[in-house]
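Visitor: I'd like to know how the labels on a structure like this are earned. Could you take me through the reasoning, one label at a time?

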Amino acid sequence: MIRSLLPTSPGSILIGGFSLWLSVIAIPARADEPVSQPDIRFDHPANNWENEGLPIGNGALGAVISGGTGEDVIQFNEKSLWTGGPGAEGYDFGWPEKPQTAALNNVRKAIAKEGSITPEIAAARLGRKITAYGDYQTFGNLVLHFSQNDSDVKSYRRTLSLANAQIDVSYVQAGVTYARAYLASYPDGVIAIKLTASQPGKISVAANLQVPDNRSLATRIDNGRIIATGKLHSNGLQFETQIQFLPQGGKLEAIENQKIKITNADSLVILINAGTDYAQRYPHYRAVHPHATLQQQMDAAAAKTFAQLQTRHRQDYQRLFNRVSLDIGQHNLAKKTREQPTGALLANYKKGDAIADRALEATYFQFGRYLLIASSRAGSLPANLQGVWNNSTTPPWNDDYHVNINLQMNYWLAETTNLPELMTPYFDFVDSLVEPGKISALRVAGINKGWTLFLNTNIWGFTGVIQWPTAFWQPEASAWLAQHYYEHFLFSGDKHFLKERAYPVMKGAAEFWLEFLIKDPRDGKWIVSPSFSPEQGPFTNGAAMSQQIVFDLLRNTRDAAVLLGDKSFQKKLDKKLKNIDDGLRIGSWGQLQEWKEDTDDPDNQHRHISHLFALHPGSQINVNKSPELLNAVRTTLNARGDGGTGWSQAWKINMWARALDGNRAHKVLGEQLQRSTLNNLWDNHPPFQIDGNFGATAGIAEMLVQSHNNELHLLPALPDAWPSGAVTGLRARGGITVDLKWQNRQLIEARIHLKNNPTTTATLQLRTTQPLTHYSLKDNLTGNAIVLVNKNNTGIFTAQGGRTYLLSGGGR
């Protein structure tokens, strides 16, 4: 496996024996290839925020656009506006005052004696009542009241362009065509809106800010700019928003320092920014008041035209979004169908129009990438359970960060779909959890080395436990969070990142586990105790998920230690790995066991499939080398069924892709679209929860390219529903960028681009679903044929840095 192989030179890693870091740039589609322009469309204003609102965002700021004609409510968020935490009465990070070593030992003794205990008993002994945990907040609503009512409106359209990251609203009323454009600019730090009309003097609107009553608010208006500042009652967090109105023509009035009125303008530009005095630093989490930063930011944005803001926004966004294109047969969509509302495509999915179905699937794939760009940019917090969008003061699950899969799933797509920069907020956030995580390790688990946390966390460094029996104990969370660090290294080859950022986090997590594991007296293996398989069953010893995640961390950290020359820690890890329970057992009915004991129920269809972590996102199971484990995985997945919540179905798409069953992965994708997707294509847990969007996009990428088994596997799980198509810009471990074309369900062309280092050669192993003797390989620069050493469906060749290689043949 890739992680067990050692580099032959500094800054390199072996994939199929090669020791070269490959490029992370995308090869754009050729001019003769059609490029999809995916949109999400409505033919009416949003009647429901969750089901019909359209989202825009720039990482820190988000807004949901309803597009009303008589009244337009622009609900917006700033990601650091949270109640609870320091400053709120009773906040304690979820920690007991003193280490609860005795309680933990009593739980371990009870499990050793009885074999297991109930979650209720475990929560009573180890859990804690949550205090001042807090909630992610809506910032408020900018409400636009138009002079005309919403009667006699014709030709209404509200469209989110995924290609441009812009929402457009247009309609005709009383012979006038009205248009609005909404975008959230990362380079300028504002939400920008432009209102226009086909006739001069037709823009008349009154605007005011509405905020919840759980905060103070002082509002003033200065030169057409609403400046609203206040504090949350809960914790004293200071916040401010500035809303600038820039009419062209007409008259602007400020009314009682509360409302802006625009009369008979030709056009109107509105700019919104917002911020708080939050700082991502333990233990106080406070910085300076945001006013000066917001003022400077707004002054700079207001000095630009809307066209300039729009151009800068598109250049920034498309630099990321355009790296990957996907054609699965959607480009011949009939014009009538293409102009249908997205809700109609969703309602008619799998009802006979295959091209429309492909269009919906391709749009859903790109929507996941759009959402991550909109909710995870450097300088902001990571995407939470709803990305950056929330219209409540008490959102579901606090709209926080659950770390027993949800936060991790949010970022599965970042590496494979060529958005690695979007990992920065994730790394910043996890880095900030290490210091409070050390205290959690000591007080909750009685371990004075390393760091960890449990089920959930907030922006205030919560690393302790709650008292909900169904889900509160997940000490493996730190190990799972650390996996993304090593994966980022494997995809990028950035040894500086590995040394300076990834390894300290990984080593700290591993230090905790080297101390926390205990020996199972039954077989002498190192196990996790107590262990709980989310979110069902008893507390026991050595549940499969616990073992697989800890094994993954220790193996990754050992490989990193070898790369970095940390020999003493490598020896400690090797010693523990030699005798750790790996969590892989095949049970009595052919299943992969969820617990160390063979107690799985074949009729259990629980949403969690945590005991398949070793298949995905782990790589412990190599389905090409372990057919018995592949069969056990398939047996387990078949027993669990294709249903579940949105995120559960998204995980199953990835699972079936790793199990090399494209048709089943596609079937689950269809189930998610039909059962767990809202009309605006947001994932529906229910309620709205964004991880399912991100997970499904990652799953589609896994169907097309895999690289976790020490080889580059092309079209590993192509479904019959996508008989011909193309994809450009997907990334593989080692920094490989891949473009693929296929016809009649067979690969006909692959372009494999390597990093620009012409002095280095490498050995690359390819795998396809048909014998590679059907293909030829050439250096795309020189045109020279390359010898491909074939063995069954794999082939090995020597590659040179800075070159693109063309694999062609197959079904042609």
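Visitor: What makes Y426 count as buried or exposed in this model?

Guide: Keep in mind that the model is predicted. Buried means under 20% relative accessible area. Y426 has a relative accessibility of 0%, so Y426 counts as buried.

Visitor: And how do you know whether F427 is buried or exposed?

Guide: By the same kind of reasoning. F427 has a relative accessible area of 2%, and the cut-off for buried is under 20%, so F427 is buried.

Visitor: How many aromatic pairs are there?

Guide: The count comes to 40 aromatic pairs.

Visitor: Why is the pair of Y426 and F427 given the name it has?

Guide: Ring centres must lie within 6.5 Å to pair, and planes over 60 degrees apart count as edge-to-face. The centres of the Y426 and F427 rings are 5.7 Å apart and their planes meet at 80°, so this pair is edge-to-face.

Visitor: What about Y485 and F497, then: why is that pair called stacked?

Guide: Here the planes are at 20° and the ring centres 6.3 Å apart. Stacked requires planes under 30 degrees apart, so Y485 and F497 qualify as stacked. The pair links distant parts of the chain, with Y485 in helix α12 (residues 477–492) and F497 in helix α13 (residues 495–516), 12 residues apart. Both Y485 and F497 are buried.

Visitor: Which residues do ring pairs link into a cluster?

Guide: The cluster consists of Y91, F93, W95, Y278, Y282, Y285 and W460.

Visitor: Let's turn to a helix. How do you know that the span of α8 agrees with its number of residues?

Guide: Helix α8 covers residues 354–375, which is 22 residues. At 1.5 Å a residue α8 should span 32 Å, and its end C-alpha atoms are 32 Å apart, so the two values agree.

Visitor: Why is α8 described as largely enclosed?

Guide: Because 20 of its 22 residues are buried, α8 is largely enclosed by the rest of the structure.

Visitor: What makes D353 a cap for α8?

Guide: A side-chain oxygen of D353 lies 3.3 Å from the backbone nitrogen of I355. The limit for a polar contact is 3.5 Å, and D353 caps the N-terminal end of α8 through this contact.

Visitor: Why is N48 called partly exposed?

Guide: Partly exposed lies between the 20% and 50% cut-offs. N48 has a relative accessible area of 37%, so N48 is partly exposed. N48 sits in the loop between β3 (39–42) and α1 (49–52), and its side chain reaches the backbone nitrogen of E50 at 3.0 Å.

Visitor: Now the empty spaces. How many cavities of 30 Å³ or more are there?

Guide: There are eight cavities of 30 Å³ or more. The largest cavity holds about 180 Å³ of space. Of the 15 residues lining the largest cavity, W412, E487, H616, P617 and R733 are closest to its centre. Helix α12 gives the largest share of this lining, four residues. By class, the lining has five nonpolar, five polar and five charged residues.

Visitor: And what is the volume of the largest pocket?

Guide: The largest pocket has a volume of about 650 Å³. Its lining has 27 residues, and A60, E78, S80, G379 and S380 lie nearest the centre. The lining of the largest pocket divides into 12 nonpolar, 11 polar and four charged residues.

Technical notes
Residues numbered from 1 in each chain as written. Predicted model: local features only at pLDDT ≥ 70, side-chain atom pairs only at ≥ 80, totals over all residues. Heavy atoms only, no water. Helix = DSSP H or I, 4+ residues; strand = E, 2+ residues; numbered from the N terminus. Expected span 1.5 Å × (residues − 1). Buried < 20%, exposed > 50% of the residue type's maximum accessible area, 1.4 Å probe, protein only. Polar contact = N/O pair within 3.5 Å; in protein donor to acceptor, adjacent residues only side chain to side chain. 1 Å grid on protein atoms, 1.4 Å probe; cavity = no way out; pocket = protein on both sides within 12 Å on 5 of 7 lines; lining within 4 Å. Points joined across faces, edges and corners; volume = space filled by probe spheres on them. Nonpolar A, V, L, I, M, F, W, Y, C, P; charged D, E, K, R; others polar. Phe/Tyr/Trp six-rings, centres within 6.5 Å; stacked < 30°, edge-to-face > 60°.
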